[in-house]
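Look through the sequence and the model first. Then follow the strands, one pairing at a time.

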Amino acid sequence: MLILASTSDVVRVVTARASQIEVHTSYVDWNGTAVTPGRTNTPAITTATTTTVVPSPGASVQRNVKHLNVTNDHASASCTVTVEHFDGTTAVELMSFTLLPGENMIFGEEGRWAHRDQNGAEYPPAGKGAYDGFSVPFYKGSTAADAAGYWYCTSKDAGFPGAWSPGTPGINGRVTDGTGIATDAGCIPIKNPAVGANFLTELTLGAGVNHYNLFFDCLWVNSGIVVTTTTAQAIVTPTLPARDVNGTTNGEGCMIGLLTTTANTNAAIITNSTVSYTNSAGVAGRTATLVNIVGMCIPATAVIGNLVWFSLQAGDTGVRSIENITLGTSLVTGAVSLLIARDVASIGTSVIYVPSTRKLSDPGVRLYNGTCLLHCINASATSNTFFNGELVVQEK
């Protein structure tokens, strides 16, 4: 709708050059008790000028413009036509199109503008405010995973992008920014959109060994966990970046992972490690745990790249902050880092070296500005693996 609320309000059409512009408008008036329909046909506008196409309502009357149709009926000349609301003092541009001969612009009751060609077909959206897109190549040569069924992160491995690591932010860690700081230069590069937002719309991936593949956004990472300390190690995490599933700092849809960055030498699997955290609803004192199942615990002598995802406390759907980690059992040697990460998309492969493609339902998965995108697998075998594929991102 488009409201004229005073005796000074009008809708005007500004024509940029001589042409033959014809305008029809339909509206209804409301005086507090009755609705009165009305319409105006403006004679052909043939010069560069400003023309009132919806006049002001009467006193104590509101005029609701339901439909406005502007057509260029000239045989050969195009014309840029601007529609504006004018309150007697201030003119505000509502929409502007360049109309070729036979084309029209339409404002409908639902408040939507459309641009139609001489055959009545609507133009698709154009420009950065509509759709743009790019593909991001991805290839990695991973080293061996710990064992079948365990998670392995390829971020440390050679390929494109180059290696990513947590760095040395210390026990309290750091938030990540895949587009803003050199520390995260090894994440899968997703440039921030010029206008609008990025959406992941398609994954294509081939591999020398078939695994289950997960791409995730790492929001926070730390270092400095003492692997021989079996009691609680306090952590003060900063506010997360606004990249949870809702684009907020609450951590909705975020998981806790433990990444081995230097091989550990614990002699047996570890299931008694816990993390104390605040959930995405802001409830503190929650406890994330491990499970005595392959893939849900720390393996014996975990290799570099091993990644274990903690199980959140029942009912929780995200992580806002971490307060401490208790390893429970010594890892003996090596180094580990905690992650807070958001699951973005997954894909499996079925035939070695033959890519699989997954199209994500429209509009795709939102990639918020600063996304630090990493790749991991749930290993089907311990073999070194070559991965090759691409991600398709649309800017909308």
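**Following the strands**

Asp29 in strand E3 stands opposite Arg63 in strand E6. Strand E3 covers residues 21-30, and strand E6 covers residues 62-72. The two run antiparallel and are joined by 10 bridges. Strands here are DSSP runs of E with at least two residues, numbered from the N terminus. Two strands count as paired if DSSP finds at least two bridges between them. Strands of a sheet pair through backbone hydrogen bonds, either parallel or antiparallel.

This is a predicted model, where local features need pLDDT of at least 70, side-chain atom pairs count only at pLDDT 80 or more, and totals for chains, interfaces and linings use all residues. Residues are numbered from 1 along each chain as its sequence is written, and side-chain values use heavy atoms, without hydrogens and water.

Strand E3 also pairs with strand E4, residues 35-45. That pairing is antiparallel, with 9 bridges. Thr25 of E3 faces Thr40 in E4. The two strands form a hairpin, with 4 residues between them. Gly32 sits in the turn and has a positive phi of about 105 degrees.

Which residues lie on the covered face of E3? They are Ile21, Val23, Thr25, Tyr27 and Asp29. The uncovered face holds Glu22, His24, Ser26, Val28 and Trp30.

Now turn to another group of strands. An open sheet of 4 strands has the order E5-E2-E7-E8, with antiparallel pairing. Its edge strands are E5 (50-54) and E8 (91-99), and each pairs on one side only. Inside this order, 6 bridges join E2 (residues 10-15) to E7 (residues 79-86). Thr15 of E2 stands opposite Val81 in E7.

Conventions: Buried < 20%, exposed > 50% of the residue type's maximum accessible area, 1.4 Å probe, protein only.
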